[in-house]
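Colleague: I'd like to walk through this one with you, step by step. Could you pull it up so we can both look?

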Amino acid sequence: MSSSENAPLPPSVIRTLRWPLGIAAVVALLGGSSYFFLRTSEPPPAPTPTIAEPTPPAPPPPPAVQLSGTDARVREQLKGLSSDTDYARWLSSEDLARRFAASVNLVAEGQSPRMPLSFMAPTGTFRVTKRHGHTVTAPESHTRYDGVARVITSLDAKKAGQVYQELKPLLDAAHAELAPPGRSLDATLSQAIGRLTRVSVPKTPPELTTKGALYVYADPDLEALGAAEKHLLRMGPENMRKVQAKLTELAAALGLPSQEQARRP
């Protein structure tokens, strides 16, 4: 090796090499630090998967109440409420639960229950008479309803309350076929009874006037009543008092809500 190869580097060359060597050292340092950082830093933990809880199955709907073929059961429950022979004849009708529900809904709306209660129709024809120069209902027209009033007043209210509770699921099912959604049978029955018990018993026979081929009440307040209330008026004052008293007794025995409660939405 020649002496020139072992000679020290000139200062100018050393200064020239220091810069790239310094850069290399910094790069090596940073590179090593980055490698160390990447080696020692743990990756963020993966989110723990959540396990969805199974949705509990919806409870099955209550079994539908069958109304067909229930007349025998209804008759057996109702027959002990009265020993009147006309009452026994009423119970011989068919589809009793639906007849009851239909008549209650009609009366609650002030309409005539004539169709479902056809077995209660009086015999004979409607007659009028003159009293003090005014046309009024003849007494014999009122007596046509004596049998209806007699059967209603013969009902055992206490037993009726017990039977009502025993037949409630059946009657509720029949009522649900006809009533607006959300209205209970108790509310409808209370409303129906309230309509009839609120009718004032006339102190004197109401005057009648003709309208076409029909007789109507001369008093506009009476004529404005619903068909259900007019049916009650046609029974005459004595029968009205009997029926209204029994209806009030039945409402208490059946545990029906008050009129204010029944009218709440």
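Colleague: Where is the place of D95?

Modeller: Keep in mind that this is a predicted model. D95 isn't a glycine, yet its phi is positive, at about 55°. As for its place, look between helix 4 (85-90) and helix 5: D95 is in the loop there.

Colleague: Is D95 buried, partly exposed or exposed?

Modeller: Buried would need under 20% relative accessible area, and exposed would need over 50%. D95 has 32%, so it counts as partly exposed.

Colleague: Okay, and H132, is that one buried or exposed?

Modeller: H132 sits in the loop between strand 1 (128-131) and strand 2 (134-137). It's another non-glycine with a positive phi, about 55°. Most residues other than glycine have a negative phi. With a relative accessibility of 71%, H132 is past the 50% cut-off, so it is exposed.

Colleague: What about N105, buried or exposed?

Modeller: You'll find N105 in helix 5 (residues 96-108). Leaving out residues up to four places away in sequence, it touches H175, L178, A179, R183 and T188. Its relative accessibility is 9%, which is under the 20% cut-off, so N105 is buried.

Colleague: Let's do some helix packing. Why is helix 7 described as roughly parallel to helix 13?

Modeller: Two packed helices are described by the angle between their axes and the distance between the axes. For helix 7 (residues 146-154) and helix 13 (residues 237-253), the axes are 9 Å apart and the angle is about 25°. Angles under 35 degrees count as roughly parallel, so helix 7 is roughly parallel to helix 13.

Colleague: Which residues of helix 13 make that contact?

Modeller: The crossing is left-handed. On the helix 7 side, D146, A149, I152 and T153 take part. Taken together, the contact residues of both helices split into three nonpolar, two polar and three charged. From helix 13 come N239, K242, V243 and K246.

Colleague: Which helices are included in what covers the buried residues of helix 13?

Modeller: The buried residues of helix 13 are N239, M240, V243, Q244, K246, L247, L250 and A251. The cover over them includes helix 6 (139-143), helix 7, helix 8 (157-166), helix 10 (185-197) and helix 12 (227-234).

Colleague: Last one: how many helices and strands does the protein chain have?

Modeller: The chain has 265 residues, and 34% of them are buried. Counting its secondary structure gives 14 helices and four strands.

Terms used. Residues numbered from 1 in each chain as written. Predicted model: local features only at pLDDT ≥ 70, side-chain atom pairs only at ≥ 80, totals over all residues. Heavy atoms only, no water. Axes fitted to C-alpha atoms, helices over the stretch in contact; angles between N-to-C directions. Helix = DSSP H or I, 4+ residues; strand = E, 2+ residues; numbered from the N terminus. Parallel < 35°, antiparallel > 145°, perpendicular 65-115°, else oblique. Left-handed = near helix turned anticlockwise from the far one by under 90°. Contact = heavy atoms within 4.5 Å. Nonpolar A, V, L, I, M, F, W, Y, C, P; charged D, E, K, R; others polar. Buried < 20%, exposed > 50% of the residue type's maximum accessible area, 1.4 Å probe, protein only.
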